[in-house]
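Trainee: Got a minute to go through this one with me?
Mentor: Yes, put it on the screen.

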Amino acid sequence: MDVKDLRCLVTGTASGIGDAVTRRLTAAGASVVSLDRHKPEADVEQHVEVDLADPASIDSALEQIDGSFDALLNIAGIPGTAPAERVFAVNFLGMRHLTESLFDRFNPRASIVVVSSTAGFQWARRLDALKEVVATESFAEGAEWFRTHPQEGNAYNFSKEAATVYTMAMGAAVREMGELRINAVLPGPVETPILADFEQSMGKETLDGVKALLGRHATPDDIAPTIVFLASRDSGWINGTTLIADGGVSGAVFAGLVPAPEI
Ligand SMILES: NC(=O)c1ccc[n+]([C@@H]2O[C@H](COP(=O)([O-])OP(=O)(O)OC[C@H]3O[C@@H](n4cnc5c(N)ncnc54)[C@H](O)[C@@H]3O)[C@@H](O)[C@H]2O)c1
């Protein structure tokens, strides 16, 4: 995949999927500036500590980084075992704040990738609410909306529905800014440190059911190439869309062959 000499800002580099993506990008000749709460093990051009739940922390992190970017890979995320407001802050509001803070620092044709989740597959059921929260104009306004509009179910699912709808909604808008593009990757379960939390918040039986259908869960290296592809020059005409990387489970659900998991 053609990522040579791309300068990429990557969140979530210190673990799991973000670690695998960082290693692939640098091995293929891209440079990575890392944002995470923890220091990554992989070699990067620069690492800056950030708390994506705090817009002031994001602003201060960006002040410590010079220059412009060819790609932003929003990979960091937390599971639904964390407090709901923090889950929504990290997985949607912080991701959006970071993305929009960089609009004037992207090189022409830069690619924004959002790691959402198949856990957000029910987005169409509450599109009206999602459109409202996506239309909020700041981190603080979005957080206030979330506090005053209690949502059914796990905050993780809602945060990923919001990330998915935001991605689809922004495709045409970012194209007007120097032919940027934005796409989401929707992994199913992946063997990373947060999987144990998912078993707690979504139900171990449900996740075991998905595993039984496929024979195993994904590894970070099953998911990383899809994310790198969307960041690469090879995916230049793909914009405003979502790419499911779940080994086939969603297809079987959408075709009515297996019941939708209750998560
Ligand atoms: N593992 C799965 O089953 C799975 C499935 C679908 C989607 N995802 C998504 O993939 C992404 C990566 O998850 P993973 O499985 O690699 O998890 P992980 O726990 O291995 O990695 C998450 C990374 O995000 C960082 N992070 C967490 N909170 C942060 C914050 N407030 N500020 C800055 N950095 C923060 C962590 O330090 C860590 O390096 C997440 O967005 C997750 O929701 C994971």
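Mentor: We can take the sheet, then the surroundings of the ligand. Keep in mind that this is a predicted model.
Trainee: Fine. What order do the strands of the sheet come in?
Mentor: The order is E3-E2-E1-E4-E5-E6-E7. That is an open sheet of seven strands, with parallel pairing.
Trainee: Which are the edge strands?
Mentor: Strand E3 (46–49) and strand E7 (242–245), each of which pairs on one side only.
Trainee: And how are neighbouring strands turned against each other?
Mentor: By 15° on average, ignoring direction.
Trainee: What packs on the sheet?
Mentor: Helix H6, residues 155–175, does. H6 touches strand E5 (106–115), strand E6 (181–187) and E7. The direction of H6 makes about 160° with that of E6.
Trainee: Back to the E3 edge. How many bridges join E2 to E3?
Mentor: Four, and the two strands run parallel. E2 covers residues 31–36. As for a residue pair, Leu-35 stands opposite Val-48 in E3.
Trainee: What holds strands together in general, by the way?
Mentor: Backbone hydrogen bonds, in either a parallel or an antiparallel arrangement.
Trainee: OK, ligand now. Which residues come nearest?
Mentor: Ala-14, Ser-15, Gly-16, Gly-77 and Thr-192, out of 29 residues around the ligand.
Trainee: Which helices supply at least two residues of that shell?
Mentor: Helix H1 (16–27) and helix H7 (195–202). The largest share comes from H1, with three residues.
Trainee: And how do the shell residues divide by character, nonpolar, polar and charged?
Mentor: There are 17 nonpolar residues, nine polar and three charged.

Conventions
Residues numbered from 1 in each chain as written. Predicted model: local features only at pLDDT ≥ 70, side-chain atom pairs only at ≥ 80, totals over all residues. Near = placed C-beta within 6 Å. Nonpolar A, V, L, I, M, F, W, Y, C, P; charged D, E, K, R; others polar. Pairing = 2+ DSSP bridges. Axes fitted to C-alpha atoms, helices over the stretch in contact; angles between N-to-C directions. Contact = placed C-beta atoms within 7 Å.
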